[in-house]
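Q: I would like to learn how to read a fold from its coordinates, beginning with the whole chain and ending with a single residue. Could we take the features one at a time?

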Amino acid sequence: MECSLPVSTQKDRLIPGFKSNFLPPISPLKFARHHLLFRHTDKQYAYSCPCRSSLKIVKNPSLDKHVVRQNKIRFVLKLKTLLLSKPKHFIPLHILSKCRSYLSLSDSRSILSMIHRYPTIFELFTIPTPPTPFNATKSCLQLCVRLTPAAFALAAQESNLKSALSNVLAAKLQKLLMLSSHHRLVLSKLAHLAPDLGLPPNFRSRLCNEHPDKFKTVDTSYGRALELVSWNPELARPLSFTEVDSRELIVDRPLKFKRLKLQKGLNLKRRHQDFLIRFRELPDVCPYTTVASELRKESIEAEKRACSVVREILGMTVEKRTLVDHLTHFRKDFALPNKLRSMIIRHRELFYVSLKGQRDSVFLVEGFDDNGALLEKDQSLVIKDRLMDLVMEGKRIRRERRKSEMNNDDNSNFIMKSEEAYRDYGEFYDDGFENLFESEDPDWDSHFDGDHESDELLGEGVTRDFWIADASSSLGGIDARSETW
């Protein structure tokens with residue numbers, strides 16, 4: 001072993017020390033990466049993650065299925081919100097065609113075909129058009145859409161449940177205001193996050209004014225905002241971290257190496273795991289009492305606080321998930337970093353980013369088990385499951401109709417082929433009895449044609465199933481003269 005002196009002119013110079021024939025020389029850059037991952041300066045932690053630029057999202061099918069399930073009923077939920085926002089709970093189709101951007105429909109997609117996709121959720125009917133100077137003597141009908149009685153009953157049940165949980169929903173808003181830097185949030189931003197929090201559509205007019213002891217609405221330069229009135233120390237308790245369960249060993253002893261709880265099937269690089277383990281060992285930062293301005297930007301404490309804020313927001317959601325874009329709307333309000341998405345992807349032990357759908361979704365990993373099921377199921381999810389059952393029932397009805405139409409087409413094709421076979425074999429000939437019951441009087445056929453007579457006696461839509469409303473019933477103030485389409 002001999003001593004080697006450093007060379008100042010070389011870019012990758014060696015560290016002073018003993019030279020070995022078995023170990024390769026170590027450069028200062030590699031030495032800093034492996035041994036100076038965290039360094040203590042000015043009572044704050046300056047850090048650098050070596051795997052920040054090479055992070056890839058590993059898909060988790062058990063969590064992606066929640067986003068796929070949500071995308072299947074996205075049109076149903078949006079159209080239901082539009083219908084319930086109207087006084088009489090129905091919308092004419094010519095007005096609904098102007099809401100394509102809200103319904104996320106392209107120009108090539110027909111609104112009428114989308115409504116026919118869900119026969120157990122929506123139904124079409126006609127109402128008379130109000131007279132105008134152009135059609136004062138001519139009566140016209142306009143086509144409208146409304147909820148079926150079964151879907152309307154679920155919507156009423158959901159509204160009653162949210163009214164009963166008014167105090168719980170108000171506590172969520174109060175916690176959000178306590179998390180914000182200025183204890184104030186613009187209502188237009190809250191409207192994006194309101195469905196994920198379980199807030200009713202009219203929370204800005206009712207819920208925000210029913211609890212004046214907790215918050216109030218004020219006018220700002222950005223519009224109407226919700227401002228905190230009183231601080232509740234019982235709500236200022238962050239979510240506790242769940243300890244990693246030790247493996248079932250024969251000898252009851254602590255693990256020799258530190259273990260990081262990750263998602264099933266997720267493998268990270270060793271340096272990334274070391275970073276996450278050291279990040280977890282740092283002292284916790286309370287997101288409610290810690291002021292973000294007192295922390296240095298891009299410090300480990302600032303990232304610790306940002307992760308805690310995201311955990312608190314996801315913990316208040318109904319399904320423990322939301323869109324990444326919804327979090328970026330509150331980046332300045334909650335003092336979150338500019339590269340928020342990169343920070344969320346970096347912490348695989350806390351969050352999971354799903355690429356399913358038009359926009360990325362972020363999940364709180366600790367809120368789900370290994371099979372992707374929620375550990376704590378909210379009461380409003382029961383109503384959502386019933387709505388999904390109605391959608392599946394409508395899908396089954398459409399499948400049966402399609403099969404019956406195909407059978408009818410097959411029968412007609414079989415009859416046509418049999419007639420062609422008779423003609424080919426010479427067995428189908430005119431025996432004089434084909435025109436025996438035909439009459440030259442046109443009134444004879446119309447007199448014995450029972451189609452119009454049965455329509456007049458039975459009326460339209462007499463035989464109905466449980467999801468079809470009677471034409472004479474006035475659901476939500478609809479005129480009794482309206483006909484079911």
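A: We can start with burial: in this model, which is predicted, buried residues make up 35% of the 485 residues in the protein chain. The protein chain exposes about 31700 Å², of which carbon and sulfur atoms supply 52%.

Q: How many helices and strands are there in the protein chain, and what share of the contacts comes from residues 24 or more positions apart?
A: The protein chain has 17 helices and 14 strands. Among the contacts with a separation of 6 or more, 65% are accounted for by residues 24 or more positions apart.

Q: How should I read a sheet, and what is the order of the open sheet that contains strand 13?
A: Strands of a sheet pair through backbone hydrogen bonds, and the pairing is either parallel or antiparallel. Here an open sheet of 3 strands has the order 11-13-12, and its pairing is antiparallel. Strand 11 (321–323) and strand 12 (351–354) are at the edges with a single partner strand each, so one side of each is left without a neighbour in the sheet. From one strand to the next, the twist averages 25°.

Q: Which bridges hold strand 13 to strand 11 and to strand 12?
A: Strand 11 is joined to strand 13 (residues 361–364) by 3 bridges, and the two run antiparallel; one pair to look for is Arg-321 with its bridge partner Phe-363 in strand 13. Helix 12 (residues 300–316) packs on this sheet, where it touches strand 11, strand 12 and strand 13, and its direction makes about 90° with that of strand 13. Strand 12 is joined to strand 13 by 4 bridges, again in an antiparallel run, and Val-353 stands opposite Val-362 in strand 13. The hairpin of strand 12 and strand 13 has 6 residues between the strands, and in it Gly-357 takes a positive phi near 90°.

Q: Which way do the side chains of strand 13 point, and are they buried or exposed?
A: In a regular strand the side chains alternate between the two faces of the sheet. In strand 13, Ser-361 and Phe-363 point one way while Val-362 and Leu-364 point the other way, and all are buried.

Q: What does the environment of Ser-361 look like, residue by residue?
A: Ser-361, which is found in strand 13, has a relative accessible area of 2%, and because buried means under 20%, Ser-361 counts as buried. Leaving aside neighbours within four places in sequence, Ser-361 is in contact with Val-67, Thr-322, Leu-323, Val-324, Tyr-352, Val-353 and Ser-354.

Q: What is the order of the open sheet that contains strand 10, and which are its edge strands?
A: This open sheet of 3 strands has the order 8-10-9 with antiparallel pairing. Its edge strands are strand 8 (184–186) and strand 9 (215–220), each of which pairs on one side only, and the twist averages 30° from one strand to the next. Strand 8 and strand 10 (residues 223–228) run antiparallel and are joined by 3 bridges, with Val-186 standing opposite Ala-225 in strand 10. Helix 9 lies across strand 8, strand 9 and strand 10, running at about 80° to strand 8.

Q: At what angle do helix 9 and helix 10 pack, and which residues make the contact?
A: Helix 9 (residues 187–197) packs with helix 10 (residues 203–210) at an angle of about 100°, and their axes are 12 Å apart, which means that helix 9 is roughly perpendicular to helix 10. Helix 9 contributes Leu-187, Leu-190, Ala-191 and Ala-194 to the contact, and helix 10 contributes Phe-203, Arg-204 and Cys-208. The residues of this contact divide into 6 nonpolar, no polar and 1 charged.

Q: How many residues of strand 6 are buried, and how many bridges join strand 6 to strand 7?
A: In strand 6 (residues 122–128), 6 of the 7 residues are buried, so this strand is largely enclosed by the rest of the structure. Strand 6 runs antiparallel to strand 7 (residues 141–147), and 7 bridges join the two; Glu-123 has Arg-146 as its bridge partner in strand 7.

Key: Residues numbered from 1 in each chain as written. Predicted model: local features only at pLDDT ≥ 70, side-chain atom pairs only at ≥ 80, totals over all residues. Heavy atoms only, no water. Pairing = 2+ DSSP bridges. Axes fitted to C-alpha atoms, helices over the stretch in contact; angles between N-to-C directions. Contact = heavy atoms within 4.5 Å. Parallel < 35°, antiparallel > 145°, perpendicular 65-115°, else oblique. Nonpolar A, V, L, I, M, F, W, Y, C, P; charged D, E, K, R; others polar. Buried < 20%, exposed > 50% of the residue type's maximum accessible area, 1.4 Å probe, protein only. Areas by Shrake-Rupley, 256 points an atom, 1.4 Å probe, with all protein chains shown as cover.
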